[in-house]
Amino acid sequence: MKIFTNNQLHELDKFTIEHEPIASIDLMERAARTLTRAITDVWSSSTPVVVFAGPGNNGGDGLAVARMLAEQGYQVSAYLFNISGHLSPDCATNKKRLEDCKRIHKYVEVIQEFDPPVLEDNMLVIDALFGSGLNKPLAGGFSSLVKYINASSAQVVSLDVPSGLMTEDNTYNVRANIIRATRTLTLQQPKLAFLFAENQQFVGHLQVLDIRLSQEGINKTDAQYTIVEEADVRSRLLPRDSFAHKGQMGSALLIAGSYGMAGAAVLAAKACLRAGAGKVTVNTPKRNVSILQISVPEAIVQTGSEETIFAEAVDTETYQALGVGSGLGQSEQTAIALITQLRRTQCPIVTDADALNILANHRAWMQQLPKGIILTPHPKEFDRLEGHSADSYERLTKARNLAERLQGHVIVKGHYTAICMPDGHILFNPTGNAGMATAGSGDVLTGIITGLLARGYKQEDACVVGVYLHGLAGDLAANDLGEESLTAGDLIQYLPQAFKRLQE
C-alpha cells in the first residue's frame, strides 16, 4: 500500500474528479456516507453527537456527516467555525444542505464569539476542524477549542486526521494543540504521521476507509513510502528445490555472544536455522561453547583465542552471509576485531546490537562499511549512530539519508519497522505487536535475515521477508499465548507457522 504525501493526496483527489468523472461535492458526499457508516457501526442513535467543523473541506465532511446522522435519528449539534468569512465551495454547499435539514437538533455558525457546549462522557464529539491540508500549528481560538475538547470526558472521532496534526512532519508542532482522538477515521490510506509512536496518543484507534479514489491515479503516482503487503512478501519467497541438499541452502556465520551473553547467540542461531539456512556456524568465546553445543546442537561452534570476548576477525570466504553483534560486548579489543571483520568480509552482512554500539563509539568507522551492509537498530541505537532526533520523522529522514550514503539497508525497528532502501524508498512493516518488546527479539531478527541471505535472498528481499516473518511469528504467538507473556524464544517456535502461512 502506497503512502502519499499531503500534496499527492490532493492531486489524487483531482485525478479522481477528472477521470471518474465525479463532481467534487459528490466525492465529498461519498466520503461522508462512508464516514457515517463507520460511526453508526460503533455508536447507536442514543448517543448525543456534537460536530465541530472548520471552514475547509474537512469541515464540509463534518457537516455532511452531521446531516446524515441527523437523518438517521441521532441528536446532532453542529458548530461551523467561519471566523474569516470564507468557506471552501464544498463546505458552503454542505452548510446550506445542513441548514435545510429538518432533523438537525442544533446548528450554530460561529463568526466571532463562541460559547462552547458542555461535553459529557456519554457524548460523541466529531472533530472536523482541520484535515490533511494543515501546514502550521494551531493557535488562538482553535488551540483553545482543542484543549477544551481534550479536557472533556467525551469520546472523540477525528475525520481523516486529528485536527492540529500534520500528515508528515510534526517536529515543530505544538502537541498541546492537537486533538487526542478516541478513533480516527482516515480516508483511503494511512498518513505517514500515523506510523510514528509519539503520534499514537492523538490518533487513537485507526480505521482506514476506502472512498474509491481512482485506482489508475494510485497506480500512476510514485510514492516514497509504502506499507508492505502480504502478497508482496509472498512474491519474494524463494522455492526450495525438491533435490536440494544442505550445501545448496547456504552457509551462515554468526559472530555473537560474549561471556554472560551466550543467550543472544543461541537465539540468533536458532532463528537462522529456522529461516532455512543449510548450515549455521556460531563464532563465540570459549566459555560459551558448552551452552551453544547443548542449546543448538544443529549449529557448528567456532571459537577464537579469547575465553570471554570476540577478539580477532575470522575468514568468511566459505560463507554466504554474516550476522554480527548479538551479545557481542563492547570492549576495545572486540571493537578493533569488529571493524577488521567488516572490512574483510565479502559476503552480505547484518549488523545489530553491540556491533552498532561499537560503530556509534567510533563514528569515523562508518565510512569504512562495505556497500550493501544491513543495519538493524532500534531507535536508541540509531540515535547513538546518527545523533539525537527530536521525533520519529527526523529519525526516519536521517535513516533514509544513511541508507543512501552507505548504499545499504537501514532497518529502524518499532511498531511499524521502517526498512530504508539505498534508493531512498522506505517500506513500513505492518506485522508485529507490543508483546515483542522483550529482550532477545532483535537477536531473532538478526538470525532470520542472516539465514535468508545465506539461503540466497538478495539484501532487499531478505530485509522485507525477514522483518515481515519476524512480526508475523510474533502475531501468531500472541494469538495463542497473549502479548504479556511473549518471549523471544516464542518467535522462533512460531516461525515455521509464519512460513507456512505465507507459502499457503
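Which residue stands opposite tyrosine 79 in β4? In this predicted model, the residue in β4 opposite tyrosine 79 is valine 108.

**Strands β3 and β4**

A second facing pair belongs to this part of the structure: serine 77 stands opposite lysine 106 in β4. Strand β3 covers residues 76-81 and strand β4 covers residues 106-110; the two run parallel and are joined by 5 bridges. Helix α4, residues 89-99, completes a right-handed β-α-β unit with β3 and β4. The facing residues are set out below.

| Residue | Residue opposite, in β4 |
|---|---|
| Serine 77 | Lysine 106 |
| Tyrosine 79 | Valine 108 |

As background, strands of a sheet pair through backbone hydrogen bonds, either parallel or antiparallel.

**The sheet and helix α2**

Strands β3 and β4 belong to an open sheet of 7 strands, with the order β4-β3-β2-β5-β6-β7-β8 and parallel pairing. Because β4 and β8 (205-209) stand at the edges with a single partner strand each, one side of each has no neighbour in the sheet. On average, neighbouring strands of this sheet are turned by 15° against each other, direction ignored. Helix α2 packs on the sheet and touches β5 (124-128), β6 (155-159), β7 (183-187) and β8. The direction of α2 makes about 155° with that of β7.

**Helix α1**

Does the span of helix α1 agree with or depart from 1.5 Å a residue? The 14 residues of α1 (residues 6-19) should span 20 Å at that rise, and the end C-alpha atoms are 20 Å apart, so the two values agree. Within α1, the residues Asn6, Leu9, Leu12, Phe15 and Thr16 are buried. The cover over the buried residues of α1 includes α2 (24-40) and α7 (215-220). In general, an α-helix has 3.6 residues a turn, so residues three or four places apart point the same way.

**Phenylalanine 310**

Phenylalanine 310 lies in the loop between β12 (300-302) and β13 (321-324). Is phenylalanine 310 buried or exposed? The relative accessibility of phenylalanine 310 is 4%, and therefore this residue counts as buried, the cut-off being under 20%. Leaving aside residues up to four places away in sequence, phenylalanine 310 touches Ile255, Asn283, Pro285, Leu328, Gln333, Thr334, Ala337, Leu338 and Gln341. For threonine 334, the C-alpha atom is separated from that of phenylalanine 310 by 5.4 Å, although the two residues are 24 residues apart along the chain.

Note on methods. Residues are numbered from 1 along each chain as its sequence is written. This is a predicted model: local features need pLDDT of at least 70, side-chain atom pairs count only at pLDDT 80 or more; totals for chains, interfaces and linings use all residues. Side-chain values use heavy atoms; hydrogens and water are left out. Two strands pair if DSSP finds at least two bridges between them. Helices (H or I, at least four residues) and strands (E, at least two) are DSSP runs, numbered from the N terminus. A crossover is right-handed if, with the strands pointing away from the viewer, the path from the first strand over the helix to the second runs clockwise. The expected span of a helix is 1.5 Å times one less than its number of residues. Buried means under 20% relative accessible area, exposed over 50%, partly exposed in between (1.4 Å probe, protein chains only). Contact means heavy atoms within 4.5 Å. Axes are lines fitted to C-alpha atoms, for helices over the stretch in contact, and angles run from 0 to 180 degrees between N-to-C directions.
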